[in-house]
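Colleague: I'd like to learn how to read a model like this one feature by feature. Could we start with what counts as a contact?

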Amino acid sequence: MTKLQDLIAEAGKCVNCGFCESVCPTLPAAGFLSTKGARGRVDIAKFFYKDDSIDPSASFYSCVDCYACLTVCPAGVNAGKVSEIGRMILAKQGKAPEIAKMIVELTMRYKNPLGVREKCAQWARGIEFDAPETLLYTGNMYQLMAYLRKFGKLRKFFGQYEVQLASFIRKHPSSVSIFRDLYDKAMMDKMNGYLINIVKLLKQNGIKFGYLGSEEPYPGTFIYDLGFEDEFRDYARYVSELFRSKGVKRIITVDPHTYELLKYIYPRYTEFNFEVVYYMDLIGTHKISGKYAVHTPCHFSRYFDFSEYVGRMFDVNVEENPTRCCGGPDELLFPEISENISEKRFNELSKTGLPIVTACPICYANLAKDDSVTDISSILLADGERVSSASVH
Amino acid sequence: MEFIDEIRPILGKYVITKKEDLIPYMNDASYFTGEMPQAVLLPGSTQDVQNIMRIAYKYDVPVVVKGGGSSLTGSSILKTEGVVMSMLRMNHILDLNLNDKCVTAEPGVRLDDLERFLEKYDHFYPPDPASSRAATVGGSISTNAGGLRGVAYGVTKDWVLGLEVVLADGTLVKFGNKTLKRSLGYDMTALMIGSEGTLGVITKAYLKIWPKPERIARILAFFRTIDDAGRAIAEIKEHIIPEMAEFMDKISLDSVPDAIKYPQGTNYALLLDASGSKETVQRRKEDIETILKKYAIETRSTMDETEMNRIYQARKGLYASILKLREKEGEYIVIGDIVVPVSELPSALKEIEIARDQDGIRAALFGHIGDGNIHANIFADLSDSQSMERVNKFMMDMAMISVRHGGSVSAEHGIGIEKKKLLVEEMRFNDNMRTLELMKSVKKIFDPKNILNRGNIFD
């Protein structure tokens with residue numbers, strides 16, 4: 001089947017009942033403009049199938065891929081999937097947004113969206129690694145959040161000229177070096193600290209592992225999410241080959257996006273015979289003392305019940321929003337929608353009066369609007385130390 | 001377009017004119033596709049609505065008001081050139097008074113959001129259309145929506161105390177208020193309910209609410225024939241009014257296999273809720289089950305919240321989930337909606353089954369047995385004129401069965417564009433054409449330029 005046929009096969013199952021729209025986080029965040037809601041995207045897809053002269057990019061690219069729509073659709077239609085296929089069609093036709101093209105080209109060239117792999121490896125200075133067949137793979141995800149925050153401010157500064165900026169960088173890729181020192185230092189310190197927490201947690205549990213340092217590539221999340229399927233196939237091959245050349249057998253991921261991509265998406269595009277695990281699978285869990293408002297990353301909800309982890313460890317007291325989206329996926333192309341979603345989700349969590357816990361760097365970066373928000377690794381580490389100190393006494 | 005030029009400084013970015021952004025507003029949940037609007041307007045306040053209507057009236061621009069877009073008869077799509085006014089930004093719950101048993105809401109509040117809000121106060125707003133996840137306060141008033149709880153609580157008209165309405169020329173009027181009683185000449189609130197956006201734009205609603213039953217027990221019963229199911233519900237209603245009383249045929253059950261598994265020999269199932277206090281619900285459940293067991297192949301019940309919700313959501317999603325059973329790509333669902341006196345339901349349903357077979361139609365039959373409301377989810381190939389002819393014939397057959405049994409061609413979905421002809425047929429059958437003329441006269445008084453939902457209900 002062609003991508004266009006895939007598109008209509010998914011959209012064609014829809015009777016337009018509108019259930020999806022009621023849980024779609026982008027609809028209210030976009031001022032209730034239907035094109036930027038789940039049902040509107042399906043409508044656009046049906047229209048696009050008959051008339052490809054329209055430009056559906058804002059509709060498809062504004063979807064945050066949280067799949068909340070799928071959870072309520074009685075017909076099993078996945079409006080998120082419709083957007084995903086739509087983006088692939090547009091990328092192939094060269095109709096992706098200019099910033100998307102820029103990010104993909106930079107990633108293909110530098111194996112990192114902003115060409116900052118060295119900087120992304122600095123958190124590990126002074127840490128001793130071993131056992132290269134088990135790889136701790138950060139995918140630069142935590143580290144890049146410090147850049148994205150600054151990048152967002154830069155985009156606001158350039159305003160309507162952002163397309164010209166992206167075009168300029170595409171023509172002069174080496175100009176990306178301007179980003180090297182353009183990061184939010186406080187955010188970088190936090191993110192590096194969380195990675196160090198994860199290392200400590202793994203070591204406390206007797207796990208031995210290696211780390212690729214500045215050779216570590218970004219996993220290609222943007223390339224896939226922005227619809228550049230051909231480029232993603234090449235990129236996945238590169239990453240897979242790199243891991244193979246380093247003798248890697250098992251990969252420990254530390255964030256939901258990388259976990260999902262490596263475990264479920266990579267094998268569809270390249271030979272990828274590695275065991276992929278999430279670090280929390282390796283560290284053992286016990287009941288955490290205290291109460292927290294735990295935000296579930298949507299990319300975890302797709303493949304397994306993250307609330308099962310949460311339920312084992314936390315006394316959760318949150319009125320759960322079915323979308324669970326932090327707004328992060330829209331930060332690059334639709335910062336206003338992203339901000340509106342994250343504001344709403346933060347307020348939902350915040351009104352519990354409990355400390356807020358995230359388990360994804362993107363969620364953290366979007367929800368950390370005050371000091372009440374922390375990464376799950378901090379809680380796990382602190383509680384582990386409390387338990388171990390209690391057992392000594 | 002002068003109209004747009006004048007409205008843009010008032011609504012700013014909430015005036016939508018880009019072609020790609022207009023496309024979704026050509027559809028609602030029906031199988032009709034409307035005209036592409038010249039613009040979509042998203043007012044955020046009553047004042048915005050007044051401005052829009054004042055300017056639309058000045059330039060004779062037709063306006064279709066759209067809520068959650070869950071209309072099943074095409075009542076929220078444009079039938080002529082004009083603009084669509086989406087009410088989704090006006091989605092605030094403005095006031096709750098438990099003493100008055102009244103909640104005040106803007107038209108864009110979705111019914112499930114209202115339910116979640118009221119739940120915190122152990123209250124609920126009883127009208128419960130299956131589309132409540134998407135449907136809005138304004139839209140459900142405009143179609144006099146019914147729903148699953150109709151057997152116990154009636155329909156929307158029984159729960160609206162008052163309305164704030166913007167008329168076609170932009171004038172703001174108030175019909176009714178928060179009081180439970182009112183004897184003030186003509187009931188203008190009632191006139192607005194079911195008017196499908198043809199008389200005015202609802203900008204605020206005062207809704208009656210009710211304490212939530214302390215406990216619910218959900219009961220499923222499976223029958224060989226609709227007669228058995230009909231006899232069971234008739235006997236139950238002699239003693240107990242269930243909170244909900246739904247029926248589903250075998251095709252309907254086949255579309256929700258994860259939620260409801262049925263025993264061999266089943267042709268129809270009943271879904272009933274018993275409600276009451278902690279102490280009484282168990283007894284009511286047992287009383288209902290005792291009667292059901294006389295007629296059913298099997299009965300089962302649950303008070304587990306997760307299980308009850310799974311069954312309830314499966315029933316509410318039937319309109320969409322039935323599409324999983326389509327035999328070829330391109331098949332769509334056309335939904336029928338008629339009502340007969342409760343006692344007539346089994347015989348009417350048997351006639352519908354015969355008509356379905358004679359017309360060569362594949363359709364699932366289900367609905368609200370407690371209030372005589374029958375739905376048919378009809379598989380239809382919209383691109384095949386012969387298929388659509390058969391569908392239209394079957395819709396007409398259903399309609400005539402309903403009027404012959406003393407019922408009506410539309411129970412809770414309204415007229416829209418789908419049932420304009422059926423409305424005339426019902427009036428003609430009952431020698432009641434004068435009523436139709438009165439309705440047209442009312443429309444002329446409210447909207448002399450015919451700009452509100454032009455072409456809806458009648459031409």
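Modeller: Sure: two residues are in contact if their C-beta atoms, placed from the backbone, lie within 7 Å. Before we use that, note that this is a predicted model, where local features need pLDDT of at least 70, side-chain atom pairs count only at pLDDT 80 or more, and totals for chains, interfaces and linings use all residues. Residues are numbered from 1 along each chain as its sequence is written, while chains are lettered from A and ligands numbered from 1 in the order in which they are written.

Colleague: Let's try it out, then. Which residues does Val63(B) touch, not counting residues up to four places away in sequence?

Modeller: With those sequence neighbours left out, Val63(B) touches Met53(B), Ala56(B), Gly82(B), Val83(B), Met85(B), Ile451(B) and Leu452(B).

Colleague: And how do I read a nonpolar core?

Modeller: Think of a set of buried Ala, Val, Leu, Ile, Met, Phe, Trp, Tyr and Cys residues joined through C-beta atoms within 7 Å. Buried means 20 or more other C-beta atoms within 10 Å of a residue's own, exposed means 12 or fewer, and partly exposed is in between, with C-beta atoms placed from the backbone. Here the largest nonpolar core has 263 residues, and those touching the most other members are Cys69(A), Val63(B), Ala221(B), Ala232(B), Ala269(B), Leu270(B) and Ile378(B). Helix 10 (residues 141-158) of chain A gives the most to this core, with eight residues. Helices (H or I, at least four residues) and strands (E, at least two) are DSSP runs, numbered from the N terminus.

Colleague: What about the contact between the chains: how many residues does it take from each?

Modeller: Chain A puts in 28 residues and chain B 31 residues. On the chain A side, helix 2 (19-23) and helix 4 (38-50) give two or more residues, and helix 4 of chain A gives the most, with five. That side divides into 13 nonpolar, ten polar and five charged residues. For those classes, Ala, Val, Leu, Ile, Met, Phe, Trp, Tyr, Cys and Pro count as nonpolar, Asp, Glu, Lys and Arg as charged, and the others, Gly among them, as polar.

Colleague: Next, domains. How is chain B divided?

Modeller: The bounds come from an automatic or database domain assignment. Chain B has domain 1 (2-88), domain 2 (93-211), domain 3 (215-320) and domain 4 (326-438). The C-alpha centres of domains 1 and 2 of chain B lie 22 Å apart, and 17 residues of domain 1 are in contact with 21 residues of domain 2. Helix 3 (46-59) and strand 3 (63-66) of chain B each supply at least two residues of the domain 1 side, with helix 3 giving the most, six residues.

Colleague: And sheets?

Modeller: Strands of a sheet pair through backbone hydrogen bonds, either parallel or antiparallel. Two strands pair if DSSP finds at least two bridges between them. In chain B, five strands form an open antiparallel sheet in the order 5-6-10-8-9. Strand 5 (93-97) and strand 9 (172-176) of chain B are the edges, each pairing on one side only. Four bridges join strand 6 (residues 102-105) to strand 10 (residues 201-208) of chain B, where Ala105(B) stands opposite Ala205(B).

Colleague: Last one: how should I read phi?

Modeller: Most residues other than glycine have a negative phi. Asp431(B), not a glycine, has a positive phi of about 50°. Asp431(B) lies in the loop between helix 15 (420-429) and helix 16 (433-446) of chain B.

Colleague: Is Asp431(B) buried or exposed?

Modeller: Exposed, because Asp431(B) has 7 other C-beta atoms within 10 Å.
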